[in-house]
Amino acid sequence: MSGTATHDQRRAIRTIPEKQMPTSAGISSSGQLFCWGNRDSGRCDVPTLSSEERWADVSAGYQHTAALTSNGGLRCWGYNVQGQCQVPALPAGEHWVQASAGHLFTVAVTSKGDLHCWGANSYGQHQVPSLAAGERWLQIAAGGYHAVGLKSTGAAVCWGRNADGECNVPALP
């Protein structure tokens with residue numbers, strides 16, 4: 001069954017556009033992480049986990065991959081030219097709940113609903129919009145040079161490069 005994967009075989013599949021050096025990643029139902037496609041710069045060199053950990057989620061970005069572990073850890077690997085694989089340390093008691101790999105940058109949400117960006121910042125990828133008192137970040141996704149986040153109020157906001165309207169969130173009815 002070359003080139004295909006059923007939902008039972010792989011979950012959490014992410015891929016980036018072909019023109020951005022294609023790499024794909026997925027996690028099996030047993031928690032094993034697989035990367036395939038362009039293997040340059042170590043982007044498919046999956047780190048080894050301890051026997052107590054499993055992979056929980058994965059995101060393939062431009063020349064790097066980011067993945068969450070079952071204990072709330074975050075690992076990034078691949079071409080680290082802009083620091084996109086250097087995961088910041090969190091305060092005691094906090095852990096990662098989601099991460100997304102973009103074009104040479106990574107964005108991630110913590111268990112407290114805080115959002116962190118690291119790596120390239122050439123288009124304002126680190127300029128995360130402010131939250132009002134009591135708001136949290138629920139979800140994020142990294143694009144090529146921009147990111148989108150979902151606030152606890154249900155509002156979606158985008159920041160970073162807006163060359164083609166990718167940060168112009170439409171008004172919902």
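Trp 55 is tucked away: its relative accessibility is 6%, so it counts as buried. Keep in mind that this is a predicted model. Trp 55 has an aromatic partner, Trp 77, and the notes below start with that pair before turning to a charge over a ring and the cysteines.

**Aromatic rings**
- The structure holds 4 aromatic pairs.
- One of them joins Trp 55 and Trp 77, with 5.7 Å from centre to centre and 55 degrees between the planes, which makes it a tilted pair.
- Trp 55 belongs to strand 4 (residues 55-60) and Trp 77 to strand 6 (residues 74-78), so the pair ties together parts that sit 22 residues apart in sequence.
- Trp 77 is buried as well, because its relative accessible area is 7%, and anything under 20% gets that label.

**A charge over a ring**
- Which residue lies over the face of Tyr 123? That's Arg 161, at 5.1 Å from the ring centre.

**Cysteines**
- How many disulfides are there? The count comes to 0.
- Take Cys 85, which is in no disulfide: the nearest cysteine sulfur belongs to Cys 76 and is 5.6 Å away. A disulfide would need the two sulfur atoms within 2.5 Å.
- Cys 158 isn't in a disulfide either, with the sulfur of Cys 167, the nearest one from a cysteine, 5.0 Å away.
- Is Cys 85 buried or exposed? Cys 85 counts as buried, because its relative accessibility is 13%.

Terms used
Residues numbered from 1 in each chain as written. Predicted model: local features only at pLDDT ≥ 70, side-chain atom pairs only at ≥ 80, totals over all residues. Heavy atoms only, no water. Buried < 20%, exposed > 50% of the residue type's maximum accessible area, 1.4 Å probe, protein only. Phe/Tyr/Trp six-rings, centres within 6.5 Å; stacked < 30°, edge-to-face > 60°. Helix = DSSP H or I, 4+ residues; strand = E, 2+ residues; numbered from the N terminus. Lys NZ or Arg CZ within 6 Å of the ring centre and 35° of its normal.
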